[in-house]
Amino acid sequence: MDEVVLGQRGRAAIDFHCAVRGAVAKLQRAVEAELSDAGITAQTMPEKMDDRHRLVDATLAESATYGARALLGEWTAKDHGPICQDAFAEIREAVEPMLKALEDGPASLELDEALKLPAYFEQVWFHRTTGGWDASPHNGFVHGELIHKRILTRVFGGNIFGHRRTAAQRAPRRDYRHILDMGASSGHNMVALTEAFPDAEVSGVDFSARMLEQARRVANARGWAWKLYQRPCEDTGFADESFDLVSSYNLIHEIPPRIIRAVFAEAFRLLEPSGTIIMSDVPRYAEIDRMASWRFDWMARWGGEPYWRAASSTDLVQVATDAGFTDVDGSVLPGGQPYILVARKPEAAW
Amino acid sequence: MTAKRASDPEPRQMLRDRQIDHLGEAMLTLTRELWVLTDRVRILEAVLEDQGLDVGGAIATYVPSAEMETELAIARARLVDGVVKALTGPVEG
Ligand SMILES: C[S@@+](CC[C@H](N)C(=O)[O-])C[C@H]1O[C@@H](n2cnc3c(N)ncnc32)[C@H](O)[C@@H]1O
């Protein structure tokens, strides 16, 4: 679907959006320079996150740079969903037959119309995307192909997909047969897992029907027999020990801590003895400096990420250990992103 | 300085202070639309040049048909609505 050509309006609007995001990055650097001039650095920032926000807000109360950074951040947060919906509307007629055709193929999708979505999920429009994950009939394409591939890869560098491959490469074994991806969404992480383990059967669970429909298209386009299910990650309904690798990418910061613990417990239940988990997410605040974690927290605070702070403050190594895993190894990649946790279910439960 | 006429209204502030952020967002929305258009015009010129047509002069003197007038009016309303929406933010009630 990379070959889809946008209309002039959609393309130009996305170009402009990315230009504003570029300006945001520059403004952020300027804001931090102003903080540094005022003696506020990673070393001098207070320990408590709320105190850091208060200090920065008070110090830069009159700063036009900080005001502009806030404005451009706010505008881009609200702008990305609607312009991508518009970009899709512009090419809808041309693209729909292709989307329809990709419903057929080796991949399977089991939707659950009776599924009751929990409040922690249903009441949030993650990333401030108008309408949330299921905003429109073609939201999976809009998110997976337009927002992720045409905006996020440009803003954060093409490597956001490379990171998924790096995470998959962290697996200690090569012989996995049954892999589960939790929070599969439109399947970006499943692509990395399938490429790393071409002989394995790869399944994915997610709450969002629209995103799963897009994952099915991604799989069918490549001739892959992914098995996709609309189910909660914390209660998948699969039998005990059905998988030998359970993975997730950017799921954890979108769920509250009690669900994070439930997800690790579910992963443990689902794994065969000696099975592996690879859970990747945004960096743990404890592992980065105070300025960097304030920067993330600022983005989360205004960027529609209600669980980010709690999730990033959760010690996932402890959570994995409490769930029963051994050989737990969690670390941030050298570039500062992402945090990758790899662990093993012990041979025999005692 | 011009003298105040009887027909001049009282001075007033129309936008509220709390609308200043919306004003900033409106400005960005407007700039985006301007960019989309700038991009389009540049593409249009290139397309026409590729066909051997130098369009600058013809554009200056072009009189739109009634049909095109309608089309432009719809597009214009869309542009204005977009800016106004950003300026007001979500409207309650
Ligand atoms: C940021 S996306 C994941 C991205 C994806 N893994 C990738 O590699 O691009 C988070 C996904 O998790 C899903 N999700 C969040 N909480 C969930 C839960 N408790 N059960 C199932 N899916 C969940 C959302 O619907 C969303 O599609």
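1. A good place to start is a loop: A:His127 sits between α4 (119-122) and α5 (139-156) of chain A, where helices (H or I, at least four residues) and strands (E, at least two) are DSSP runs, numbered from the N terminus. A:His127 has a positive phi of about 60° although it is not a glycine. With a relative accessible area of 22%, A:His127 is partly exposed; buried means under 20% relative accessible area, exposed over 50%, and partly exposed in between (1.4 Å probe, protein chains only).

2. A word on how to read this note. This is a predicted model, in which local features need pLDDT of at least 70 and side-chain atom pairs count only at pLDDT 80 or more, while totals for chains, interfaces and linings use all residues. Residues are numbered from 1 along each chain as its sequence is written, chains are lettered from A and ligands numbered from 1 in the order in which they are written, and side-chain values use heavy atoms, with hydrogens and water left out.

3. The loop between α4 and α5 of chain A also holds A:Ser136. A:Ser136 is buried, at a relative accessible area of 16%. Leaving aside neighbours within four places in sequence, A:Ser136 is in contact with A:Gln85 and A:Arg210, contact meaning heavy atoms within 4.5 Å. From C-alpha to C-alpha, A:Ser136 and A:Arg210 are 8.0 Å apart in space, though 74 residues apart in sequence.

4. Another positive phi in a residue other than glycine belongs to A:Ser274, with a value near 75°. A:Ser274 lies in strand β6 (residues 271-281) of chain A, and is buried, with a relative accessible area of 18%.

5. Do have a look at helix α7 (residues 188-196) of chain A. Eight of its nine residues are buried, so this helix is largely enclosed by the rest of the structure. Among the buried residues of α7(A) are A:His188, A:Asn189 and A:Ala192.

6. Those three names come up again beside A:Arg164, which is found in helix α6 (residues 159-169) of chain A. Beyond its neighbours within four places in sequence, A:Arg164 is in contact with A:His188, A:Asn189, A:Ala192, A:Tyr249 and A:Asn250. Which side chain of opposite charge is nearest to A:Arg164? That is A:Asp181, 7.7 Å away; A:Arg164 is buried yet has no salt bridge. For charge, Lys and Arg count as positive and Asp and Glu as negative, while His and the chain ends are not counted. A salt bridge is a side-chain nitrogen of Lys or Arg within 4 Å of a carboxyl oxygen of Asp or Glu.

7. Over all chains, the whole structure has 30 salt bridges. One of them pairs A:Arg301 with A:Asp57, whose closest N and O atoms are 3.5 Å apart. A:Arg301 lies in helix α10 (residues 290-302) of chain A and A:Asp57 in helix α2 (residues 49-59) of chain A, so the pair ties together parts that are 244 residues apart in sequence. A:Arg301 is partly exposed at 38% relative accessible area, and A:Asp57 is partly exposed at 27%.

8. Now to the two chains together. Here, 15 residues of chain A are in contact with 14 residues of chain B. The two chains bury about 1400 Å² between them, 59% of it on carbon and sulfur atoms; buried area is the accessible area (1.4 Å probe) that two parts lose on being put together, summed over both. In chain A, the residues that lose the most area to chain B are A:Arg9, A:Phe16 and A:Trp75, together 42% of what that side buries.

9. How many salt bridges run between chain A and chain B? The count is five. In one of these, B:Asp39 pairs with A:Arg11, the closest N and O atoms being 2.7 Å apart. On the side of chain A that touches chain B, α1 (8-37) and α3 (64-101) each supply at least two residues, and α3(A) gives the most, with eight.

10. One charged group deserves a closer look. A:Asp79 forms a salt bridge with B:Arg32, with closest N and O atoms 2.1 Å apart. A:Asp79 lies in helix α3 of chain A and B:Arg32 in helix α1 (residues 20-50) of chain B, so the pair joins two chains. A:Asp79 is buried at 5% relative accessible area, and B:Arg32 is buried at 9%. B:Arg32 also forms a salt bridge with B:Glu33, at 3.3 Å between the closest N and O atoms. A:Arg9, A:Asp79, B:Arg32 and B:Glu33 are linked in a network of salt bridges.
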